[in-house]
Amino acid sequence: METERIIQGCKSGDRKCQEALVYMFSPRLLAVCRRYCKDYALAEDALQETFINAFRYIHTYSGTGSFEGWLRRIAVTKSLEMQNKFFKLTMFSLETETNITESVIPDVYSTLGEQELAVILKKLPENQYIVFNLYVVEGYSHQEIAQLLSIAEGSSRSLLSRARQTLTTLLANPYQQSSYLFAQTLNGSL
Amino acid sequence: MNISDFEKHIHHTFHQQEVPLNTKEFANNLFARMDKKEKKYPFGWIFGALMLGISGLGGTYFYANSQMFSEDPKGMFGKNIAITEVKADNEVKADNQVKVKNEVETEAETEAETEVKVEDKVKNEAVDKVKTKDKVENEVNNGVKTKMKIEDEIKSEKKIENEVKVKNRNAGINQNSAGKMMSGKPDQSDNNKIKDEAQSGEVVAHENSFIKSPQVNGLMFQLPLLARKDQNSLSTLYGFKPKRRKVECPTFQNKRKVLFFIQPEIGISSPIKSLEEKIIDNSEVTALRKENEKPLEGLHAALYAGVHLGRSPFYVKTGFAYSRLAERMDLSYNTTRMDTTFGIISVTQSQSGDTLTVIYGNIITERTVSGQKIKHYYHHLYDIPLCVGYQYPLTPRLMLGAEVGLVFNVGLRPKGEILTTPTEFAPVNPLLYERSLGLGWRAGLDVEYALTGKISLGLNARFNGFTRSFSNEIATYNQKYLVPGVFLYGKYYFRTLPIRH
C-alpha cells in the first residue's frame, strides 16, 4: 500500500515520494547494477540512470506487475548500456555443441554466500556470465535475452548451456579452474 | 545437488542481495543531476527555436531565389538563355515603374514651371528623338523580340502617349512628333529605347548613375518635364555618350557542349535469392539451406563518371561498383551419438579381496548431442555498369530521374562457411561458383537535389539483376539473385549549371 502511494506521488512528480523510492530500492538495484558493471563507480552511474529513467517513464507503469521487477529491468538495461554490451554480441559466428549429461555438484556449494557465488560466477566468460545472470538471477526468458542483447534465441540457449557446463567443470575440479579458463580463452569463447 | 538446484540457490541468494550505499548522498547527487537536466531544457528550446527561425529565413531566401528560376519553363538545359531574359525583363519592369512614378512627379512639377522653358526643352527633346530614332532602330533590328518585350512596348506606348498629353496640355505646343502620337501612332524612338533597355539592362543602370550625379541633378531640376522621363535622350542631348559595357545577350544557339560529372555512391540492398536443385535428388543439405539460409543486407559502393550530351536531359555514365551480398545460416540440431570403447566390464573378487575374474568387452556410451551453428558467407561482386539516364526537373533544384543500364560483372569471389553436411559447415569452395557473371541489368528511379551549382545529392531506388546463376555447372544447385536496393549518391559537375547559381 505504501509503495502504491509512493508510485502515485512519483507519477505526479512529488520530490518526497521520489526520495522515498530511492531510499527504498537503491541498495537492491545497486546489487543488480554491480553484477553487470565492472566497477562500483560505473554501477553507481548506472543506478542514477536507472532512477532518472524510472521517474521519466513511471507513467507507463500500469501497476499490473511487480514494481521492483520493472525497476530491475531498467537497471539491467542501463547497466548493460553502460558496459556497451549490445553490439558486441551481435555479429559473430557461433558454434556450440553441448553434451547433455547429468552433472553432480557437491552439496557444499549450496551453503555459499553472495560473495563466494559472485567470485565463482565472475570466472565465467563474459558472454556466458551475462546470459547466465539474466536467465537464472533475473528470470528472463531466452526470447527476452535475445531481444535485449540483439542475438539469436538459439545463441542465448547455447551460451546458457555452455555456462552451465563451465560451472559444472569449475565446481567439480576447483584446482583446474585456471587451466580450464585458459583453454576456453584459446578457443575464442571469451 | 544437481545444476538446477544450484541455480535456484544462486537465484535466491542474488535476488535478495543488497549492496550497502550511502543513500542520502546518492539521493542528493541524483536530484542535483535531475535538476541540472531540467534546467537545460529551456536553453534547448530557445536554441531549437533560433535554429528553426534561421532555417526558416534561409529557406524563404532560397525559395525566393528559386522562384526566379522557376519562371523558366525550359528546365535546366537552356537556363543560360532563360536567366538573361528574365533579368532583362525585370529591369524593364523596374524602369517602367520608375517612369510611372516620375510621371506623377512630373505632372506636379510641370504646373509650377514656366511654359517658355518647357517649350524650348521639349523642342530640343523632339529633335533629339528624331536623331536617336535611326540609331536605335538599327540596334533593335539586330535584337530579339520576345513576347514579354512586346507587352512592355505596348505599355510604354500608352505611357508615352499620356506623357505627351501632359506636355501638350501644359506647354500648349504643337510638335510634329506629338501630333503624330496624338493621332494614335506610337513614338518609335521611345519604344526602341525601351527595347534597348530591355536588352542591355546594365547600360540603363550606368545612365541612371549619371543622372544621379550632382551636375545632372541640377540640370534635371531645371528640366522637370524631361527629368527621368527620357534618360537616353537626355544623355544624347548634352553630348554624353555612356560607355557601353559588354552585356551578355541571350543566344538561341544550340551548341553541343558536354557536361561531365563524377558520382560516388553507397547503398544498401535486400537481396532476393532463389536456390534450386538442378537435378531433384532431395538433398538434405539443399533442403536445409533452402529452409535456414537467409540473405542478409547487401552493401554497395561505386564510383561513376558520366556525361550529359549537350543540353539534353539524357546522360550516360559508367564506373566501377563493388557489392557484398551476405548469407546467414542458422542451424539447430539434436542427434544421438553412440560411442563404443573396449574395456573392463566386470571384475569378480573373493571374500579376501583377491581378484578372481576380469571380463573385458565393449562399453557402449550413448550421448545426446544438441547444438546450434550460425555461419555466414559472402559474395563479393565487382561490376562495371554502363547506364543511360534521363532527368526531369521538378523545380530548379529538384530533379526526378530514371536510368537503365547493363552491368558487366567482372569478378565474383565467395568467402565464408557454407553448409556441406546436415550438421557441418566448411569454407565455401570457389570452384563451385562462377569467377564472373558476365552480363546483368539494372533499372531504377532517382531523386536528386542540387545543393550548389556543381554539387548534388541524390537517392536512387534500383533493381539489379544477374542473368546467370552464381553457382557454376559443377554445383548441384542454381543460386540466383535479384537485388533491390536504395542508394545514396553525390554528384559533382565539372561545370556550374546555370540553374544552380
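User: Let's start in the chain B strands: which residue of β10(B) does L445(B) stand opposite?
Analyst: This is a predicted model, so read everything here in that light. β9(B) and β10(B) run antiparallel and are joined by 11 bridges. Within that pairing, the residue of β10(B) facing L445(B) is A461(B).

User: How many residues sit between β9(B) and β10(B)?
Analyst: β10 of chain B covers residues 455–466, while β9 of chain B covers 438–450. The two strands make a hairpin, and the number of residues between them is 4.

User: And on β7(B), what is the bridge partner of G405(B)?
Analyst: β7 (398–421) pairs with β9 of chain B in the antiparallel sense, over 12 bridges. G405(B) has its partner in β9(B), and that partner is R442(B).

User: Over to the interface: which element gives the largest share of the side of chain B that touches chain A?
Analyst: Overall, 34 residues of chain B are in contact with 38 residues of chain A. On the chain B side, α1 (3–15), α2 (23–70), β5 (314–349) and β6 (355–393) each put in at least two residues. The largest share is 10 residues, and it comes from β6(B).

User: How many residues on that side of chain B are charged?
Analyst: Staying with the side of chain B that touches chain A, we're splitting up the 34 residues in contact. Of these, 14 are nonpolar and 13 are polar, which leaves the charged group at 7.

User: What's the overall pattern of elements in chain A?
Analyst: Chain A has 9 helices and 1 strand. Its 190 residues are 33% buried. Along the sequence, the pattern reads α-α-α-α-β-α-α-α-α-α.

User: Which element gives the most to the largest nonpolar core?
Analyst: That core has 43 residues, and those touching the most other members are L29(A), C33(A), L47(A), A75(A), V131(A), F132(A) and Y135(A). Several chain A helices give two or more residues, including α3 (40–57) and α8 (153–172), and α1 of chain B does too. The top contributor, with 9 residues, is α2(A).

User: Why does this core lie between two domains, and which ones?
Analyst: Look at where its residues come from: α2 (15–36) and α6 (126–137) of chain A are among the elements giving two or more. Both domains of chain A give residues to the core, so it lies between them: domain 1 (2–82) and domain 2 (107–187).

User: Which residues does Y135(A) contact beyond its sequence neighbours?
Analyst: Y135(A) is among the core residues that touch the most other members. Setting aside anything within four places in sequence, its contacts are Y140(A), I145(A) and L160(A).

User: What does the buried side of α4(A) pack against?
Analyst: α4(A) has 16 residues and spans 23 Å from its first C-alpha to its last, close to the expected 22 Å. Its buried residues are L71(A), R72(A), A75(A), V76(A), K78(A) and S79(A). What they pack against is α2 and α3 of chain A.

User: Is Y109(A) buried or exposed, or something in between?
Analyst: Y109(A) lies in the loop between β1 (94–99) and α5 (114–121) of chain A. Burial takes 20 or more other C-beta atoms within 10 Å, and exposure 12 or fewer. Y109(A) has 17, so the call is partly exposed.

User: Which chain B residues does Y109(A) contact?
Analyst: Within chain A, L171(A) is 62 residues away along the chain, yet the two C-alpha atoms are separated by 8.3 Å. Leaving out neighbours within four places, Y109(A) is in contact with L171(A) and, from chain B, with M1(B) and F6(B).

Notes:
Residues are numbered from 1 along each chain as its sequence is written. Chains are lettered from A and ligands numbered from 1 in the order in which they are written. This is a predicted model: local features need pLDDT of at least 70, side-chain atom pairs count only at pLDDT 80 or more; totals for chains, interfaces and linings use all residues. Two residues are in contact if their C-beta atoms, placed from the backbone, lie within 7 Å. Ala, Val, Leu, Ile, Met, Phe, Trp, Tyr, Cys and Pro count as nonpolar, Asp, Glu, Lys and Arg as charged, and the others, Gly among them, as polar. A nonpolar core is a set of buried Ala, Val, Leu, Ile, Met, Phe, Trp, Tyr and Cys residues joined through C-beta atoms within 7 Å. Domain bounds come from an automatic or database domain assignment. Two strands pair if DSSP finds at least two bridges between them. The expected span of a helix is 1.5 Å times one less than its number of residues.
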